[in-house]
Amino acid sequence: MGKDTGFLDYKRVENGNIPPLERIQNFKEFHPVLDDEKRREQAGRCMNCGVPMCQSAIKLAGMVTGCPLHNYIPEWNDALYKGQYDMAAWRLLKTSSFPEFTGRVCPALCEKACNCGNPVCNDGAVTIHDNELYIIEKAFASGYMQPEIPAVRSGKKVAVVGAGPAGLAVADWLNRRGHNVTVYEREDRAGGLLMYGIPNMKLDKKIVQRRVDLMKAEGVEFIFNADVGKSFSADELAKNYDAVALCCGAKKARPLSAKGVENLVLENSGLMFAVDFLTQVTKSVVGLTEAQDRFSSDLVITNKNVELSLEKKGISVEGKDVIVLGGGDTGNDCTGTSIRLGCKSVTQIEMMPCPPTERAANNPWPQWPKVLKVDYGAEESIAKFGHDPRIYETTIKEVYSKEGKVCGVKTVEVEFKMIEGKRQLVERAGSEKDLPADLILVAAGFLGCEDYSAQAFNVELSSRNTVLTSSSEEYQTANEKIFTAGDMHRGQSLVVWAISEGRECAKEIDNYLMK
Ligand SMILES: Cc1cc2nc3c(=O)[nH]c(=O)nc-3n(C[C@H](O)[C@H](O)[C@H](O)COP(=O)(O)OP(=O)(O)OC[C@H]3O[C@@H](n4cnc5c(N)ncnc54)[C@H](O)[C@@H]3O)c2cc1C
Ligand code: SF4
């Protein structure tokens, strides 16, 4: 424990936030970090509790609280407080494959369980998430992060399908054990939803590329534009490798089922899945950034440049009324992105009721808090348009179109009612409203993995459309050579879970290869 009175001496201070109206001018990350002294003070707030709930990952009331990676949080907080940066990085990297990703995008399950943040102390959890980011970025900046090439190779070959955080974690772990790992990815670059999903302002894509470059230098091979099960034979992979890890994510999106959708006949009809929209925006941002790096560092990438690049792909947001179906995190990313692209209005439509602002009596600490979150996109909407973009207990009943393109929606309020002993969603009579709409972004959740990747390897699927293994904590399928991890195994989840599953899956593969 760095400073025994740290939690009494220092108040919680998070990394900064560029004000909403300023940050929406571009697609850059917007959390300036604290200076060295202030960050070390924050690490000094860690109490090194006898029972550090932050690293527990226990299930309470059906939800996990604490870090799924079981990061050695008190240890690295202590090292950070003492200025022992290499030691802090060494301890952090023992359990965490990619802290530079979780330090940016993890919702910090650890902090919700931190004893400093319990309602009796009520002094604010330790800034574990920001401390983690500080340690890993310091490690990259100081030269601590050098390629670690295994001294001995096992001669075993492993194919990983999918280069999202789960696939990258499998590849990283097995490569360090000395196996020869090749990652097959259908996109043009690695990262999965870290690259094409999570927007640049939350996670700069150069950070993803930096890690991929490090892994390449360590001996992991990447093959891009390889859509296994379509352009690339799954049988060949299964035949040529000693083990295969399927980490294809859970990208099958829940569609919008509303009257009028059948009239949208044109490709650029104004109805898009959220991830497809966010992918195209990121491709434009990345393309412009690469042009800037290659040709002219003076070139400023404006939001207008991004919009123009998107227009060439038939997507236009500037001056448009945007409706986002879904009030969750993906919907929030669509809101923040649409605002940057100059939309006229943005409305997020959410079926569920608005959560409470404080923990309910049946949701005590250290359970995961089921409370209203005002994330960055909502904050930006409030600053720009003067209101929270979310409308609760509402859905889209009908899509209006003109010549095959979206021109409005009819919404209706909904509520859950017990009917004949069953909880059912019903409309509130007379609550219909018409809203203008040029673009509808569907962020209504995911229905498991895409069928073709699973079918190509002949693996069995659960009723949730995830790849079946003998238990949720095991990763080998009925075919002993084929393993699975991440969203494809657990359903749409979080980056930290994808990394955790990837590491555990890699350990199982290693045991299988070495027995
Ligand atoms: C818009 C959005 C924002 C999110 N924001 C956050 C956040 O802020 N914080 C957080 O913790 N979580 C967030 N999540 C969830 C998180 O991104 C996922 O849980 C995580 O990326 C899952 O990792 P994965 O490796 O299992 O799958 P993915 O990241 O989906 O990666 C799967 C990869 O497999 C590839 N692939 C699929 N099929 C094939 C095939 N047949 N052949 C070759 N390659 C294939 C895909 O192209 C993809 O690259 C977000 C999700 C979305 C959709
Ligand atoms: S990975 Fe997430 S839960 Fe774990 S220590 Fe980091 S921020 Fe906390």
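User: Which residues does V170 touch, not counting residues up to four places away in sequence?

Analyst: V170 touches V160, A245, C247, A485, G502, C505 and A506. Touching here is contact, with C-beta atoms, placed from the backbone, within 7 Å of each other. Please keep in mind that this is a predicted model: local features need pLDDT of at least 70, side-chain atom pairs count only at pLDDT 80 or more, and totals for chains, interfaces and linings use all residues. Residues are numbered from 1 along each chain as its sequence is written, while chains are lettered from A and ligands numbered from 1 in the order in which they are written.

User: How do you know that the largest nonpolar core lies between two domains?

Analyst: V170 is one of the members that touch the most others in this core of 92 residues, together with I135, V160, V161, A245, L246 and C247. A nonpolar core is a set of buried Ala, Val, Leu, Ile, Met, Phe, Trp, Tyr and Cys residues joined through C-beta atoms within 7 Å. The helix α18 gives the most to this core, eight residues. Domain 1 (6-142) and domain 2 (157-252 + 447-514) both contribute, so the core lies between them. There is also a second, separate core of 39 residues, which includes V281, V346, I349 and A443.

User: What makes α4 a largely enclosed helix?

Analyst: A residue is buried if 20 or more other C-beta atoms lie within 10 Å of its own, exposed if 12 or fewer, and partly exposed in between. Eight of the nine residues of α4 (73-81) are buried, so the rest of the structure largely encloses this helix. Those eight are I73, P74, W76, N77, D78, A79, L80 and Y81. Their cover includes α3 (36-43), α5 (85-95), α7 (109-112) and α8 (128-142). Helices are DSSP runs of H or I with at least four residues, strands are runs of E with at least two, and both are numbered from the N terminus. After α4 comes G83, with a positive phi near 75°.

User: Why is D4 called exposed, and what about E420 and N465?

Analyst: D4 has 11 C-beta neighbours inside 10 Å, so it counts as exposed. E420 has 5 such neighbours and therefore counts as exposed. N465 has 17 other C-beta atoms within 10 Å, which makes N465 partly exposed. D4 sits in the segment before α1 (6-9), E420 in the loop between β12 (405-419) and β13 (422-427), and N465 in the loop between α16 (451-456) and β16 (482-484).

User: What makes the backbone of E420 and of N465 notable?

Analyst: Most residues other than glycine have a negative phi, and most peptide bonds are trans. E420 has a positive phi near 50° without being a glycine, and N465, also not a glycine, has a positive phi of about 65°. As for peptide bonds, the one joining W365 and P366 is cis, with omega about 5°. P366 is in the loop between β9 (345-349) and α15 (376-385).

User: How do you know that ligand 1 lies between two domains?

Analyst: Domain 2 (157-252 + 447-514) and domain 3 (261-442) both give residues to its shell, so ligand 1 lies between them. A residue belongs to that shell if its C-beta atom, placed from the backbone, lies within 6 Å of the ligand. Of the 42 residues around ligand 1, the nearest are G162, G164, G192, G249 and G486. Elements giving two or more residues include α9 (165-176), α12 (274-295) and α18 (495-514).

User: Which residues come closest to ligand 2?

Analyst: Among the 13 residues around ligand 2, the closest are C67, T102, C106, C110 and H129. The two elements giving two or more residues to this shell are α7 and α8, and α8 has the largest share, three residues.

User: Why would you say the radius of gyration agrees with a compact globule?

Analyst: The rule is 2.2 Å times the number of residues to the power 0.38, with the radius taken over C-alpha atoms. For 515 residues a compact globule would be near 24 Å, and the protein has 23 Å, which agrees. The C-alpha trace spans about 65 × 65 × 60 Å along its principal axes, and 45% of the residues count as buried.

Note on methods:
Domain bounds come from an automatic or database domain assignment. Two residues are in contact if their C-beta atoms, placed from the backbone, lie within 7 Å.
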